[in-house]
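Reader: I'd like to go through this one label by label. For each term you use, tell me what earns it.

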Amino acid sequence: MKRKQILATVAMLAAGAGLAACSDGGGGGGGSDASNCTNTITKKDLPAVTMWGWYPNMQLVVDNFNKLNDEVQVCWTNVGQGGDEYDKFQTAISAGTGAPDVIMIEADRIPTFQIQGALVDIKQYGFDAVKANYSEGAWKDVSVGDAVYGVPVDGGPMGMIYRKDIFDKYKITPPKTWAEYEQAAQKVKDAGGPLFGDLGANVPAVMMALQIQKGATPFAFDPAQPNSIGVKLNDQASKDVLDYWGGLVKKGLVGTQNQFTPEYISGVINGNYATYISAAWAPGYLTGAGVGKGQDTGKFAVAPLPQWDPANPVQVNWGGSAFSVTKQSKKPELAAKAAYGLYADKESLTDGWTNQIIFPLNLTALKDPAFIDLKVAFFDGQQANKEVYVPAADAYKGVQYAPFGQYYLDAMEKQVSEVIKGSITGSQAADRIQEDVAKYAKEQGFTVQ
């Protein structure tokens, strides 16, 4: 009964949650019907596998794969981005039919579907042949225990985007530690300058990443013991980070605007913030939102993410997706071949990073001198990949996500909102998050360690 209870609750969560993704999607249909493709399959004598995915250049990626492959062809459909796709996948899981062979999933959602038995461990289907194409951290993000449930595609190594004009005006150099970040923020405030950054309650994944950077390990989950989970959300590292950002708010050093909103973007354009703590996909997002195109053209640069302990630097990640094989696939080996091969050829990878659609995790791209030495227009020609993002991606060690990660992020958002209001401290917020999530996990049948 306990196992069934867990699965039922995870299914409910997956069906009800909707994450914002990096790019727009549309369309419909799909499922396991290989006759209903958005793309045109020219090698009609080969077996085909179905796929759901929402990258804006997916048409090119699928066409490239099909052109280069003589064993299997991909029939691609865009059923929506992020949460819209997950809703359809959850419906197919519940019905026992209708899922594609290959599905694009954000890395932090993989355990949600894995615990329902909806994904295939692809280690048995050629993993050793492609293992060296990705870093250890990239593989950990798509793994549960020793099993691998996705092929890494894109990631979000984090850095600190900043306004060169503001830093120059107030004679600030990019802070290398979070202590220096606060000192610089105070200096700018004392001189009558703008807010130094922003604590947005609606980006709890950033807070999670910064807590992990300081040494937190939010969850420990072993698929061999699916009824048990480690939940540690109020350890000292987690409290310290929440207290730090709560202190910045209390001192008036950072704003409290929800991010990904017109108001926040307007503030970035108008120089209301000296820094933006974000990921490698941010330049593409900001450019699409109109940042760096008007009076703020050429005013942005990026520096490595400040560290809690400069003697022991830790790089963290925000965002990222993978291609997974679903349990409903009747051709799992061919589906795995497609998952491994999509977004792995040089043309597709180059198109992705050239147009700032994705930050690739395939080492073919990360080691390409053209990618490393790229002078990024958004950063006024700065070699951002060489100086910040590639070293961060190389050093990233990966994260163990939870089967109910969305509930945890919602709980984090709720309590960060209270910190912003000043009604509780960061430490109190961490205790509340721990109590909330641990209670929830127990209610769903988990034994909390």
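Author: Happy to. Lys 386 and Asp 373 make a salt bridge, with their closest N and O atoms 2.8 Å apart. Keep in mind that this is a predicted model.

Reader: What makes Lys 386 and Asp 373 a salt bridge?

Author: The cut-off is 4 Å between a side-chain nitrogen of Lys or Arg and a carboxyl oxygen of Asp or Glu. Lys 386 and Asp 373 come in at 2.8 Å, so the pair qualifies under that rule. The two sit in distant parts of the chain, 13 residues apart: Lys 386 belongs to helix α17 (residues 384-395), and Asp 373 to the loop between α16 (369-372) and α17.

Reader: Why is Lys 386 called partly exposed?

Author: The partly exposed class runs between 20% and 50% relative accessible area. Lys 386 has 38%, so it falls in that class. Asp 373, at 34%, is partly exposed as well.

Reader: Is Arg 163 buried or exposed, and how do you know?

Author: Buried means under 20%, and Arg 163 has a relative accessibility of 5%, so buried is the right word. Arg 163 forms a salt bridge with Asp 165, the closest N and O atoms being 3.0 Å apart. Asp 165 is partly exposed, at 28%.

Reader: What joins Arg 163, Asp 165 and Lys 299 into one network?

Author: Shared partners: the salt bridges among Arg 163, Asp 165 and Lys 299 have partners in common.

Reader: What does the salt bridge of Asp 240 and Lys 214 tie together?

Author: The N to O distance there is 3.2 Å. Asp 240 lies in helix α10 (residues 236-250) and Lys 214 in helix α9 (residues 204-214), so the bridge links parts 26 residues apart in sequence. Asp 240 has 26% relative accessibility and counts as partly exposed; Lys 214, with 32%, does too. For the model as a whole, the rule gives 12 salt bridges.

Reader: How many salt bridges cross the interface of domain 1 and domain 2?

Author: The rule finds 0 there. It does find 1 residue pair in polar contact across that interface, both residues at pLDDT 80 or more. On the side of domain 1 that touches domain 2, the residues divide into 3 nonpolar, 4 polar and 2 charged.

Reader: What is the area buried between domain 1 and domain 2?

Author: About 750 Å², with carbon and sulfur atoms giving 62% of that. The C-alpha centres of the two domains lie 30 Å apart, and the contact takes 9 residues from domain 1 and 11 from domain 2.

Terms used
Residues are numbered from 1 along each chain as its sequence is written. This is a predicted model: local features need pLDDT of at least 70, side-chain atom pairs count only at pLDDT 80 or more; totals for chains, interfaces and linings use all residues. Side-chain values use heavy atoms; hydrogens and water are left out. Domain bounds come from an automatic or database domain assignment. Contact means heavy atoms within 4.5 Å. Buried area is the accessible area (1.4 Å probe) that two parts lose on being put together, summed over both. A polar contact is a pair of N or O atoms within 3.5 Å; within protein, one must be able to donate a hydrogen and the other to accept it, and residues adjacent in sequence count only if both atoms are side-chain atoms. Ala, Val, Leu, Ile, Met, Phe, Trp, Tyr, Cys and Pro count as nonpolar, Asp, Glu, Lys and Arg as charged, and the others, Gly among them, as polar. Buried means under 20% relative accessible area, exposed over 50%, partly exposed in between (1.4 Å probe, protein chains only). Helices (H or I, at least four residues) and strands (E, at least two) are DSSP runs, numbered from the N terminus.
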